[in-house]
Number of protein chains: 2
Amino acid sequence: MTEASSGAGRVTLQRLARELGLSTATVSLALRDSAVVADATRIKVQEAARARGYVANRGAASLRTARTNIVGIGLHDIINPSFTELLAGLEDAFSIAGKTVLLGVSQEDVARQTRTLGTLAEYRPDAFIVSPAANSTVADLKALAASGIPVVQVTREVEGSGFDFAGSDDETGMGLAVAHLVGLGHRRIGLIGSYPAASTGRRRLAGYKAGLAAAGLPFDPTLVTDGPGLRDMGRQGMARLLALDAPPTAAVCFNDLTAFGALMGLQAAGLAAGKDFSLVGYDDIAEAALWHPALTTVYTRIPEYGPLAAKLALARMADPHRPVERVVLTPQLVIRATTGAPRPVAPRPV
Amino acid sequence: MTEASSGAGRVTLQRLARELGLSTATVSLALRDSAVVADATRIKVQEAARARGYVANRGAASLRTARTNIVGIGLHDIINPSFTELLAGLEDAFSIAGKTVLLGVSQEDVARQTRTLGTLAEYRPDAFIVSPAANSTVADLKALAASGIPVVQVTREVEGSGFDFAGSDDETGMGLAVAHLVGLGHRRIGLIGSYPAASTGRRRLAGYKAGLAAAGLPFDPTLVTDGPGLRDMGRQGMARLLALDAPPTAAVCFNDLTAFGALMGLQAAGLAAGKDFSLVGYDDIAEAALWHPALTTVYTRIPEYGPLAAKLALARMADPHRPVERVVLTPQLVIRATTGAPRPVAPRPV
DNA sequence: CCTGCTTCCTAAATCGTTTAGCATGACACC
DNA sequence: GGTGTCATGCTAAACGATTTAGGAAGCAGG
């Protein structure tokens, strides 16, 4: 009257050992190809294991070895294609290294992040990969630090946390975008999606300011719109910029999603991107190249993050005492069709 | 000279108990708010736990309780936005139910899927959510079935596997798309992205055929292009259709990603979607509405899948003997700008 | 003083592995 | 035959929690 699989309960190492007339030690060693067990025995054990459908219980093994082969990944969001790509890269890289991913999503909510990371910690991952929720502080990550488990921050970082970091040089990237627009002749350049709640947002804002300064242009706060990097926000931000008395002739965006929204805003105002108004995105997700018109944007080399962060994590697992490492990739400007020289006279919507 | 956190090693239940002068039994019960322990004791224990930074070891607990609160999620892909959305929905729903997600991605590779699911199984998840890789057979999932762990298939299914299933009525959905095109006056309608390796592909093909038959139109295999649902494939498929002696005037696509590629193919041929050629996507991912021109597509109600699959899984955990349940959502046609009446004369590219 | 009942807590078994250290037997060597 | 060396496999103690059966203490009632 038992559930699936004949016999009572699951097949464990002990049962296997009893049935084979061996000790659990020998069976355990045999299954892991230890050289200390005779070939004949090893083969016999492995065959029996396969035949009986033995599946090791890693929880039990981890209890003994203090290694779970789990990596806890805590992301602030996975819907944005750039973070999906990050997650996919991480999963792939860790999978190759024999680690399995335990996933937690904070949805930009610090309280939820605390809860989620706490839960992940209970599974004793060998390492954490974290992209902190907006407004996270060092204190919010203190519990992680106290756990003694290696932590690698990816994309975003909490300054002063003292963890390894893999990300992109946001300041330089945004500087490239602004310089490109300046080179085309633009003098009033907006920023859609200032997002100081995240380190990426702060640095992109800094890059924007630096870019203006390098061109001798003044920083005008009214040309900056706030909000997280979502489509809606891009659209609203663009609407606000266009409604100004002296609207900008171009804008850089916090990310590509924002840019897509901004493009809709342009379209709604009857303006053509690349002609009436120039727009630069950020990230270079797959859709950017396919969009119509194709989006000029800054490539942050997202596909490299996953493997990179995984490498950092594996290195720290191997040597917890190695110096903190920060890998900052240099982004690249990708010029497509949404940027061009400004119209002689600044456009005003009717 | 020890690592972080004072004292030797981590703080365990036993240590906590010793320091408090209590037994581990009492501490364990107190931490879980058992009514059997005095209020004063309970509070004292919980405060001490917090103060000492105690983090329960779920691996150890699971060993005893045979419950891990882990859900193994094996997806064939997570890059496609529709599956990202699925994953996000699953994570959210399970997180609310107190379950944590252990992730595995097969990348459409059956061998990799076998490996991945095998690894996930070693962590003894309370349930599996699976979207099987293309060409998976019942045999490929037999190991899962034998494990005695509840399995819920989502989106795709392996016929005859006998697992619960949450998905969309693909046949009806594709029928809607074809009927819409027929209603606009189209008589030669292609299918870009026949994908018989997956149940979704087979059913969408069936729906395509049924739609044609319902309109009294013949099925012409040359109007069908093969391949997985990726952008490149859509572009190539469209190129092939347009190169035919008698090209179709419209086409349905396996999914939105394919449709985006197909739109590029149209553009490359100098044709305007919705005017020179009508195109219908499938899924209705966020980009579909924002694309230019906005994509007519079939909404498969993806956001509902995650919570739905989670519900099925939780129900089966609660009662492993309940009858197998298949929930099939009815999709909806979303008419936007890529479809219209056919041109009097079939277009030919130069 | 005994019995019976609460209330609060403990001892000990248990889950399924890993691993340090020891036992055994075979064989060779002197 | 005593001794040393190997190869092989076993014993037993962890790992860190949960849980069941039961014990000690206090108190009431006879």
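User: Hi! How many residues does each chain put into the contact between chain A and chain B?
Analyst: Chain B brings 43 residues and chain A brings 44 residues to the contact. Keep in mind that this is a predicted model.

User: Good to know. Which elements of chain B supply at least two residues each to the side that touches chain A?
Analyst: They are α4, α5 (81-96), β2 (100-105), α6 (110-122), α11 (256-268) and α12 (286-290) of chain B.

User: And how do the residues on that side of chain B divide into nonpolar, polar and charged?
Analyst: On the side of chain B that touches chain A there are 22 nonpolar residues, 13 polar ones and eight charged ones.

User: I see β2 in that list. Is β2(B) parallel or antiparallel to β2 of chain A?
Analyst: Antiparallel: β2 of chain A, residues 100-105, is joined to β2(B) by three bridges. To find the spot on screen, look for A:V101, which has B:L103 of β2(B) opposite.

User: Let's switch to the DNA. Which residues are closest to DNA strand D?
Analyst: The closest are A:A25, B:T12, B:L13, B:A25 and B:S28, out of 26 residues that surround DNA strand D.

User: Which elements do the residues near strand D come from?
Analyst: Both chains take part. Chain A gives two or more residues from each of α2 (24-31) and α4 (58-65), and chain B does so from α1 (13-20), α2 (24-31) and α4 (58-65). The most comes from α4(B), with five residues.

User: What about their classes, nonpolar, polar and charged?
Analyst: The surface near DNA strand D has 13 nonpolar residues, 10 polar and three charged.

User: OK, now the other strand. How many residues surround DNA strand C?
Analyst: There are 26, and the closest of them are A:L13, A:A25, A:S28, B:S23 and B:A25. At least two residues each come from α1 (13-20), α2 and α4 of chain A, and from α2 and α4 of chain B. For strand C the largest share belongs to α4(A), which gives five residues. By class, the surface near strand C has 13 nonpolar, 10 polar and three charged residues.

User: How is chain A divided into domains?
Analyst: The domain assignment gives domain 1 as 13-56, domain 2 as 69-168 + 302-329, and domain 3 as 170-301. Over C-alpha atoms, the centres of domain 1 and domain 3 of chain A are 62 Å apart.

User: Then tell me about strand β5 of chain A. Why is it largely enclosed by the rest of the structure?
Analyst: Because five of the five residues of β5(A), residues 164-168, are buried. On one side the buried residues are A:D164, A:A166 and A:S168, and on the other they are A:F165 and A:G167, so both faces are covered.

User: What does β5(A) pair with?
Analyst: It pairs in the parallel sense with β4 of chain A, residues 151-154, over three bridges. There, A:V154 has A:A166 as its bridge partner. β5(A) also pairs in the parallel sense with β11 of chain A, residues 326-329, over four bridges. In that pair A:F165 stands opposite A:R326.

User: Over to chain B. How many residues of β6(B) are buried?
Analyst: Five of the six residues of β6(B), residues 189-194, are buried, and the strand is mostly covered. Four bridges join β6(B) to β8 of chain B, residues 250-253, and the two run parallel. One place to look is B:I189, opposite B:A250. β6(B) also runs parallel to β7 of chain B, residues 224-226, with three bridges. Here B:S194 has B:D226 as its bridge partner.

User: What unit do β6(B) and β7(B) make with helix α9?
Analyst: Together with α9 of chain B, residues 199-214, they make a right-handed β-α-β unit.

User: Last topic, backbone oddities. Where is there a cis peptide bond?
Analyst: In chain A, one joins A:H292 and A:P293, with omega about 0 degrees. A:P293 lies in the loop between α12 (286-290) and β10 (297-299) of chain A. In chain B, a cis peptide bond joins B:H292 and B:P293.

User: And which residue has a positive phi although it is not a glycine?
Analyst: One of them is A:N135, with a phi of about 70 degrees. A:N135 is in the loop between β3 (127-130) and α7 (142-146) of chain A. Another is B:D33, with a phi of about 60 degrees, in the loop between α2 and α3 (39-52) of chain B.

User: Is B:D33 buried or exposed?
Analyst: Exposed, because B:D33 has 9 C-beta neighbours inside 10 Å. A:N135 has 14 such neighbours and therefore counts as partly exposed.

Definitions and conventions. Residues are numbered from 1 along each chain as its sequence is written. Chains are lettered from A and ligands numbered from 1 in the order in which they are written. This is a predicted model: local features need pLDDT of at least 70, side-chain atom pairs count only at pLDDT 80 or more; totals for chains, interfaces and linings use all residues. A residue is near a molecule or strand if its C-beta atom, placed from the backbone, lies within 6 Å of it. Ala, Val, Leu, Ile, Met, Phe, Trp, Tyr, Cys and Pro count as nonpolar, Asp, Glu, Lys and Arg as charged, and the others, Gly among them, as polar. Domain bounds come from an automatic or database domain assignment. Two residues are in contact if their C-beta atoms, placed from the backbone, lie within 7 Å. Two strands pair if DSSP finds at least two bridges between them. A residue is buried if 20 or more other C-beta atoms lie within 10 Å of its own, exposed if 12 or fewer, and partly exposed in between; C-beta atoms are placed from the backbone. A crossover is right-handed if, with the strands pointing away from the viewer, the path from the first strand over the helix to the second runs clockwise.
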